[in-house]
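Let's take a friendly walk through a protein together. Keep the picture open beside you as you read, and pause whenever you want to find a residue for yourself.

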Amino acid sequence: MGSMVVRGGRALEGRVAVEGAKNSVLPILAASLLPGGPSLIHNVPAVNDVFTVIEVLTSLGARVEWRGTAVAVDAGGVGSRQAPEALVRRMRAAFWVLGPLLARSGQAAISLPGGCAIGSRPIDLHVKGLAALGADIECGHGSILARAPRLRGTRVYLDLPSVGATEHLMVTATLAEGTTIIENAAEEPEIVDLAAYLAARGARISGAGTRVIRVEGVTELGAAEHTVIPDRIEAGTFMIAAAISGGEIEVAGVIPEHLKGATAKLREAGVTVEEGEGQLTVRATGRPRAVDVKTLPYPGFPTDLQAPMMALMAVAEGTSLITETVFESRFAHVDELKRMGADIVIEGRSALVRGRPGLTGASVRATDIRAGAALILAALAAEGSSEVGAIHHLDRGYAGLEHKLHSLGADIRRRED
Ligand code: EPZ
């Protein structure tokens, strides 16, 4: 458990390149367990969630090796059907190996997932979809045992556009007998990226990125090489870093289309955002204006940028209403921001943020990946020094954040316990 020590008050200037998308790599690595051939995944971020899912794959018998920023997976040796409980509880996305293991060997057991402290994080839609694909599912003793001698194509309606359930079912359906239709699917860019990887392996998928995804089952898949899309949430975090510090940052190696929601809101707040070829230049023009934000499934404003945006609104001119519609309790960062002088009142799924001219440095704690990012951003703008503890949360989703911020002029250093 370490912390970041930040001395605020410096405007950030310069260029930063973003990593590959963590939330694209995780389902792709899970899907690499599908039989048929090895995978070579390029542009993989060196973050703890990726290390965890690699540990899961290795523990199941896969051969995994880093080749620079690429990861090679050969699942030919996967024999064990039980993913280790400690690893799956550490990271929710590890649960998504269940379907590929089922497609591979007709049986799989896995513990119920853990993950960030942002709500109950149920998996009912995953289970409902796997059952619709023909799996017999038994839950008990904190684990799930699934059996499916044969997976059959089906029509699944997702009660809500769950990213993970959409990905999990799309992957599992690739080797089912017949066609699967996933309705009310999530439309996130990471789902389109996963579909591109699966298509490279020979899967037949259409509609990824829309509300209806069609998967025509094939009898076998092959090997594939794939380059992961840029991380839009890391990019958005740096955009807000420019706005909150009063500086100008060129965020490079992005797909501007994936950041439409964040770009629109920052512009509404008076921040200049210029779109270029694969990059965005973000320039603060004084104190931001307060704007209302409602998180929604893609292409709405992303829930993963709600906490960083709240940090910005804490120093905005005016009052903003921030509503979190995706997770039932994703406001753990509010108390920590209040320790820095923020004026925030939570009412149900909304937070009323009365902007203050400035924040004051304090000792605070990260509670999840994005809350940690929000506190670092607030510390950049705060007067004096802050210490953000429990930084292992941040390391799950950001690679070398302190080095990147330091290269932009921030006074930030890591302190290991
Ligand atoms: C993915 O989580 C991301 N994680 C999250 O990013 C992201 O916040 C989330 O999608 C929403 O965009 C990865 O991709 C690894 P969901 P996921 O299923 O798939 C409810 C980060 O910081 N739900 O779309 O777990 C659920 O409780 C992380 O990088 C059910 O009710 O999110 C939530 O309220 C945090 N039943 C809502 O759906 C289910 O079976 C959206 O969850 C599944 C989900």
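We can begin with a single side chain: at 27% relative accessibility, Arg414 counts as partly exposed. Keep in mind as you look that this is a predicted model. Arg414 does not stand alone, for its side chain meets that of Asp395 in a salt bridge, with 2.8 Å from N to O. This pair links distant parts of the chain: Arg414 sits in strand E23 (residues 411-416), while Asp395 belongs to helix H13 (residues 392-395), 19 residues apart. Is Asp395 buried or exposed? With a relative accessible area of 17%, Asp395 is buried, because the cut-off for buried is under 20%. The story goes on from this pair, as salt bridges that share partners join Asp395, Glu402, Arg414 and Glu416 into one network.

How many salt bridges does a search of the whole structure find? The search turns up 25. As a general idea, side chains of opposite charge can pair when their charged atoms come close. Another example brings together the side chains of Asp343 and Arg354, at 3.3 Å from N to O. Asp343 lies in strand E19 (residues 343-347) and Arg354 in strand E20 (residues 350-354), so this salt bridge ties together parts that are eleven residues apart in sequence. Both partners can be described in the same kind of terms: Asp343 is partly exposed at 25% relative accessibility, and Arg354 is partly exposed at 36%. Next, look for Glu138 and Arg147, whose side chains form a salt bridge of 2.9 Å, N to O. Glu138 is partly exposed, with a relative accessible area of 46%, and Arg147 is partly exposed too, with 34%.

Now for a charged residue of another kind. Find Arg201 in the loop between helix H7 (189-200) and strand E11 (204-206). Arg201 is buried, yet it has no salt bridge. Which side chain of opposite charge is nearest to Arg201? That is Asp74, 8.6 Å away, and a salt bridge needs its nitrogen and oxygen within 4 Å, so this pair does not count as one. Setting aside residues up to four places away in sequence, Arg201 touches several others, among them Ala31, Ser32, Leu34, Pro35, Leu221 and Gly222.

From here we can turn to the interior. In soluble globular proteins, nonpolar side chains tend to be buried together. In this model, the largest nonpolar core has 73 residues, and those with the most contacts inside it are Leu29, Val97, Met170 and Leu198. Helix H1 (residues 22-31) gives the largest share of this core, six residues. To get a feel for the packing, pick out Met170: apart from its neighbours within four places in sequence, Met170 is in contact with Ile182, Ile191, Leu194, Ala195, Leu198, Ile205, Ile213 and Val215. There is also a second, separate core of 70 residues, which includes Leu305, Met310, Leu337 and Val364.

Next come the strands. One open sheet is built from four strands in the order E9-E10-E12-E11, with mixed pairing. Its edge strands are E9 (155-157) and E11, each of which pairs on one side only. The twist from one strand to the next averages 15°. Within this sheet, five bridges join strand E10 (residues 179-183) to strand E12 (residues 212-216), and these two run antiparallel. You can trace one such match where Thr179 has Glu216 in E12 as its bridge partner.

Elsewhere, strand E14 (residues 248-252) gives you two pairings to follow. Five bridges join strand E2 (residues 13-17) to E14, and here the strands run parallel, with Glu13 opposite Glu248. Five bridges also join E14 to strand E16 (residues 279-283), this time antiparallel, and Ala252 has Gln279 in E16 as its bridge partner.

Finally, let's look at some details of the backbone. A cis peptide bond, with omega about 10°, joins Tyr298 and Pro299. Pro299 is found in the loop between strand E17 (293-295) and helix H10 (306-313). Asn43 has a positive phi, near 70°, in a residue other than glycine. Asn43 lies in the loop between strand E3 (39-42) and helix H2 (48-59) and is partly exposed, with a relative accessible area of 27%. Asn184 also has a positive phi, near 60°; this residue is in the loop between E10 and H7, and Asn184 is buried at 13% relative accessible area.

Conventions
Residues numbered from 1 in each chain as written. Predicted model: local features only at pLDDT ≥ 70, side-chain atom pairs only at ≥ 80, totals over all residues. Heavy atoms only, no water. Core = buried A, V, L, I, M, F, W, Y, C linked by side-chain atoms within 4.5 Å. Buried < 20%, exposed > 50% of the residue type's maximum accessible area, 1.4 Å probe, protein only. Contact = heavy atoms within 4.5 Å. Lys, Arg positive; Asp, Glu negative; His and termini not counted. Pairing = 2+ DSSP bridges. Axes fitted to C-alpha atoms, helices over the stretch in contact; angles between N-to-C directions.
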